[in-house]
Amino acid sequence: MTEYKALRHIPQANLFRQGDVFVLFGELFGRGYVNGLIDEARAAGMTILGITVGRRNDDGTLRALTPEEHAEAEAKLGGRIINVPLMAGFDMDAPPGEQNPTEMLSGITLKSWQEDKLDWTKIEACRTAGVQRFTQSAQDVMAEIDKLIPDGANVFFAHTMAGGIPKIKAFLAIANRIYKGRGDRFMSSRALLDSDLGKLILMNFDEVSANTLKYLIDASAGIRARVEAKGGQVRYTAYGYHGTEILIGDEYVWQTYTNYTQGYAKMRLESIAEAAWAQGVTATVFNCPEIRTNSSDIFVGVELSLFPLLLALKKEGGGAWAQEQWDICQALLGEGVSLQSILDKLEAYLQTATSASFRNFEAWPMDNTPELADLMIGTSDEITSLHTDKKALITDHLSALVLEGTGPLMFHGAAEKIAPVLWLNHDIIARQLNALHQ
């Protein structure tokens, strides 16, 4: 288990400047956590470079971007993209003439998935093929990036790869039961983890979310050696999740969304940064708060812990701007519904014995339970229903604020070289936001 270390000060270190290079190791699709980092890099005058995961042909083979796709991706990033496909994971990989894991899983149904078995020797061969493909492509990409880094420049590598769920029809129905189901529709997350399907998903999560950080660090060793020999410095960051401290009864208390199935891969990510740090490589995993994104929307209730950020903004010395955030959130609620009443509901939810029983850092990530699903999904549905428009939620606004706060904390925090794993909790996010808006 990683040592718990929260960032408690606003980092001021300024390492990066005009002519330095920012490399996004992951592709930009929607607005997410990394936008905050890219904004900081651009403001510092850094050259922005990126990679692509590539695209799939109709037959499933991986290909580079077409000229149109390449131009569109570069416009979205606002920088140059090396057009070599870096799709992580092995769910579509196999030795020549063999089935890939997605094909092996194609027969799985909602009735059979808990009993269906996989041939682990074949799965391991697919994993080996996938790792070989990815690490070779990573070497090719880094050889191109190396040419674009001038002598004397500093380099910031931002790892953003995450995910790894194989594209099989039955999985969405299974996931809906585990992450959204309650009452008769509840399904235990343990049932998934104990199945062969679940074991494969955990393996692929490890490959996509965690091991790619190691492949990046290894593939960029030559760049690191050259940059450091010329007096420059290199930093690596990655996005973790391992629960967050939020205000509960006016104290910052660690809590988590349950069941966070990717938690095992996120702990592996932490251990990769710790191992790199021990070798003198400055890699930091920043464990960021829960937010609403396109990819987190299946996890109903993950957004609940965002509401107390409003309390943190005031507690951490927020003045007129903090009040403005309250007013913006109040305006999103239906007639006769006060923002305070929502915060009271949240506090009552967080004070329940059921909710409190999952605040066990050592046991993370815990399995879900019918009681938690009833309480969490019920509270989430109730609060959502009190908004004027279900497409304009308080948690969307608060998510945008968290993104804004994490950007400078990570950018300057990485420069400062603090630790391999750091938690960004509501206290420091609120203090950073208040400082930005004073």
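The legends below describe close-up views of a predicted model.

**Figure 1. An aromatic pair joins strand 1 and helix 4.** Phe 25 and Phe 134 form an edge-to-face pair, with ring centres 6.2 Å apart and an angle of 90° between the planes. Phe 25 belongs to strand 1 (residues 21-25), whereas Phe 134 belongs to helix 4 (residues 120-147). The pair therefore links distant parts of the chain, the two residues being 109 residues apart. Both partners are buried because they fall under 20% relative accessible area: Phe 25 has a relative accessibility of 0%, and Phe 134 has one of 2%.

**Figure 2. Further aromatic contacts are found elsewhere in the model.** A search of the whole structure yields 17 aromatic pairs. One aromatic cluster consists of Tyr 4, Trp 254, Phe 361 and Trp 423. In a separate arrangement, Lys 314 lies over the face of Trp 326, at 3.8 Å from the ring centre.

**Figure 3. Helix 9 and the elements that cover its buried residues.** Helix 9 comprises 16 residues (263-278). From its first C-alpha to its last the helix reaches 23 Å, close to the 22 Å expected at 1.5 Å a residue. Its buried residues are Gly 263, Ala 265, Lys 266, Met 267, Leu 269, Glu 270, Ile 272, Ala 273 and Ala 276; the list thus holds Lys 266 and Glu 270 alongside residues such as Leu 269 and Ile 272. The cover over these buried residues includes helix 7 (196-219), strand 7 (234-240), strand 10 (283-287) and strand 11 (421-423). Just after helix 9, Gly 280 adopts a positive phi of about 85°.

**Figure 4. Strand 7 is largely enclosed by the rest of the structure.** Seven of the seven residues of strand 7 are buried, so the strand is largely enclosed. In a regular strand the side chains alternate between the two faces of the sheet. Here, Val 234, Tyr 236, Ala 238 and Gly 240 point one way, while Arg 235, Thr 237 and Tyr 239 point the other way. The residues pointing either way are all buried.

**Figure 5. Strand 7 pairs with strand 6 and with strand 10.** Strand 6 (residues 155-159) runs parallel to strand 7 and is joined to it by five bridges. Across this pairing, Phe 156 stands opposite Arg 235 of strand 7. Strand 10 also runs parallel to strand 7, again with five bridges between the two. Gly 240 has Asn 287 in strand 10 as its bridge partner.

Definitions and conventions. Residues numbered from 1 in each chain as written. Predicted model: local features only at pLDDT ≥ 70, side-chain atom pairs only at ≥ 80, totals over all residues. Heavy atoms only, no water. Phe/Tyr/Trp six-rings, centres within 6.5 Å; stacked < 30°, edge-to-face > 60°. Helix = DSSP H or I, 4+ residues; strand = E, 2+ residues; numbered from the N terminus. Buried < 20%, exposed > 50% of the residue type's maximum accessible area, 1.4 Å probe, protein only. Lys NZ or Arg CZ within 6 Å of the ring centre and 35° of its normal. Expected span 1.5 Å × (residues − 1). Contact = heavy atoms within 4.5 Å. Pairing = 2+ DSSP bridges.
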